[in-house]
Amino acid sequence: MSSHSENASKFVANDERMHWHDQALWFVREKRDRASKSIPEWEQLREFANQIKTHTMANLDTYLLEFEKNATKKGIKVHFAFDALEHNQIVAKILKEKGVTKLVKSKSMLTEECHLNPYLENLGIEVIDTDLGERIVQLRNEPPSHIVLPAIHLKKSDVSDTFVEHLGTEKGNYDPTYLTRAARAALREDFLTAQAGLTGVNFAIAQTGGVVVCTNEGNADMGASVPKLHIASMGIEKIIPRLEDLSVFTRLLARSATGQPITSYTSHFHAPIEGGEMHIIIVDNNRSQFLASEKNKKALNCIRCGACMNTCPVYRRSGGHSYEYVIPGPIGSILGSKKEPEKHNSLPFACTLCGSCTNVCPVKIDLDSQLYSLRQDLSEANLIDPKKKMVLKVTAWLMSKPILFDFVGKMARKIVPKLPNSILYNKANIWGKQRDLPKMPPKSFKEINPEDALERTNKKFI
């Protein structure tokens with residue numbers, strides 16, 4: 001297990017890749033901004049979403065039981081899974097009972113979290129991811145690097161080379177339309193020959209006992225309607241109370257994720273297809289521990305739009321795979337380090353605390369505050385590198401002594417500029433590996449006379 005900083009250093013080593021990855025995601029962030037500004041009541045919708053999710057999580061047991069009752073009335077079979085293993089065992093049992101040897105699967109971060117694909121493949125069941133981005137990374141034997149844009153880390157040439165190897169396409173043909181059509185032709189055959197389809201769940205409505213899946217490709221609809229067996233996997237946090245609550249989230253989700261008014265397909269599944277079966281598996285897998293945490297329980301409000309990733313300066317420049325958790329970016333750093341602090345203790349530090357993630361979150365999760373508090377939790381649990389902990393302690397001690405802090409700053413401004421680079425940029429100065437020290441000002445901010453500063457500013461603009 002490598003730390004985020006170690007993985008990020010490998011990603012940024014390719015300067016060109018880092019910059020186009022950064023720019024591609026910022027383009028999506030800008031689309032989100034334009035889409036949000038097109039709705040005068042945007043902030044009111046965010047507040048409604050926050051209140052609905054917070055209320056639901058506070059009454060989760062009630063709504064889950066209501067959902068089970070109403071879904072069962074509609075002929076849907078509901079299962080509860082304590083953890084990832086139990087989820088996978090339930091899926092495998094259903095498929096075995098029906099003699100399924102091939103499963104088509106739409107995008108589902110929960111099944112990625114549960115490592116369902118390798119579990120089923122070890123049992124001899126072929127699993128085909130049908131979302132285009134998911135299919136690309138599946139063929140490359142890679143995890144997705146983003147929850148909405150799974151293959152955002154790849155260029156057209158990478159996709160073309162992958163399809164040459166696995167789909168027999170023309171070598172050197174990087175045309176997106178050609179590549180998409182080749183994938184569609186291959187996937188169409190998979191839809192027609194699979195005996196079961198598995199989808200994720202964006203929202204589960206307690207009042208109706210149905211689930212809603214939002215996609216742009218229509219692959220979830222194909223997987224749920226062509227085969228006679230439909231399995232839907234959902235985390236406990238996907239529940240919402242009423243059908244009318246759905247309208248709040250559908251107006252927020254696509255605009256936050258990709259800048260669209262709404263996803264191309266917003267599909268409601270409220271019963272099995274004629275002559276078929278529908279199963280819903282509701283999974284905890286350490287989610288309930290968030291309910292017991294005052295500081296972190298709002299993380300369960302997440303609707304998986306990916307907006308926090310698209311805006312995060314660290315994620316955009318380090319890539320999703322550097323997090324080594326199924327969900328990267330700010331929300332993934334919270335989920336990963338809370339669930340498995342020993343394994344993911346570096347993730348809360350993959351953050352500048354700029355607060356941009358909190359500003360764009362459609363359900364108003366206090367992401368930056370949670371990341372900050374998780375740093376303290378890791379420190380108290382002695383899960384921070386001893387050297388980092390010592391530096392933080394010394395820095396905190398120094399900054400709590402104003403006179404000493406001012407003196408050290410004054411000495412540094414006089415001495416540091418005179419030191420040779422061989423001393424400044426040594427092995428101990430990890431920060432200096434990719435950065436130059438800024439030019440030292442003659443005076444600190446506290447030493448500057450306000451009137452002198454104003455006069456200099458006026459001269460500059462006259």
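Contact here means heavy atoms within 4.5 Å. The structure is a predicted model. In this model, Ala 254 touches Gly 259, Gln 260, Pro 261, Ile 262 and Thr 263, leaving out residues up to four places away in sequence. Ala 254 belongs to helix H12, which covers residues 243-257. Its relative accessible area is 3%. Ala 254 is therefore buried, as that term applies under 20%. Asn 382 lies 128 residues from Ala 254 along the chain, and the C-alpha atoms of the two are 40 Å apart.

Two helices were examined for length and burial. Helix H3 runs over residues 42-58. At 1.5 Å a residue, its 17 residues should span 24 Å. The C-alpha atoms at its ends are 24 Å apart, so the expected and modelled spans agree. The buried residues of H3 are Trp 42, Leu 45, Arg 46, Ala 49, Asn 50, Ile 52, Lys 53, Thr 56 and Met 57. Several elements cover these buried residues. Among them are helix H2 (15-37), helix H4 (60-73) and strand S8 (239-240). The cover also includes H12, helix H13 (288-291) and H17. H12 is the helix that holds Ala 254.

Helix H5 takes up residues 84-97. Its 14 residues should span 20 Å at 1.5 Å a residue. The end C-alpha atoms are 20 Å apart, which agrees. Asp 83 caps the N-terminal end of H5. A side-chain oxygen of Asp 83 lies 3.4 Å from the backbone nitrogen of Leu 85. The buried residues of H5 are Ala 84, His 87, Asn 88, Ile 90, Val 91, Ala 92, Ile 94 and Leu 95. Just after H5, Gly 99 has a positive phi of about 65°.

Strand S2 spans residues 102-105 and contains Lys 102. Lys 102 is buried, with a relative accessible area of 12%. Its side chain makes a polar contact of 2.8 Å with the side chain of Asp 190. Asp 190 is one of the residues in contact with Lys 102 when neighbours within four places in sequence are left aside. The others are Ile 125, Glu 126, Ile 128, Thr 193, Ala 194, Gln 195 and Ala 196. Pro 40 lies 62 residues from Lys 102 along the chain, and their C-alpha atoms are separated by 47 Å.

A charged residue is also buried in strand S3 (residues 126-129). This residue is Asp 129. Its relative accessible area is 2%. A polar contact of 2.7 Å joins the side chain of Asp 129 to that of Lys 105. Besides Lys 105, Asp 129 touches Asn 117, Glu 134, Arg 135, Gln 138 and Leu 187, not counting residues up to four places away in sequence.

Backbone angles were considered next. Most residues other than glycine have a negative phi. Asn 141 has a positive phi near 60°. Asn 141 sits in the loop between helix H8 (132-139) and helix H9 (156-167). Asn 141 is exposed, with a relative accessible area of 72%. Leu 353 also has a positive phi, of about 60°, although it is not a glycine. Its place is in the loop between helix H16 (329-339) and H17. Leu 353 is partly exposed, with a relative accessible area of 32%.

Enclosed space was then mapped. Rolling a probe the size of a water molecule over the atoms shows where empty space is left. The count comes to three cavities of 30 Å³ or more. The largest cavity holds about 100 Å³ of space. Its lining consists of 14 residues. Closest to its centre are Cys 302, Cys 305, Cys 308, Cys 361 and Pro 362. By class, the lining has 12 nonpolar, one polar and one charged residues.

The second largest cavity has a volume of about 70 Å³. It is lined by 13 residues. Those nearest its centre are Cys 312, Pro 313, Cys 351, Cys 354 and Cys 357. Helix H15 (313-318) and helix H17 (356-360) each supply at least two residues of this lining. H17 is also among the elements that cover the buried residues of H3. The lining of the second largest cavity has nine nonpolar, four polar and no charged residues.

Terms used
Residues are numbered from 1 along each chain as its sequence is written. This is a predicted model: local features need pLDDT of at least 70, side-chain atom pairs count only at pLDDT 80 or more; totals for chains, interfaces and linings use all residues. Side-chain values use heavy atoms; hydrogens and water are left out. Helices (H or I, at least four residues) and strands (E, at least two) are DSSP runs, numbered from the N terminus. The expected span of a helix is 1.5 Å times one less than its number of residues. Buried means under 20% relative accessible area, exposed over 50%, partly exposed in between (1.4 Å probe, protein chains only). A polar contact is a pair of N or O atoms within 3.5 Å; within protein, one must be able to donate a hydrogen and the other to accept it, and residues adjacent in sequence count only if both atoms are side-chain atoms. On a 1 Å grid over the protein atoms alone, a cavity is a set of points where a 1.4 Å probe fits but cannot get out, and a pocket is an open set with protein on both sides within 12 Å along at least five of seven lines; lining residues have an atom within 4 Å of a point. Grid points are joined across faces, edges and corners, and a volume is the space filled by probe spheres set on the points.
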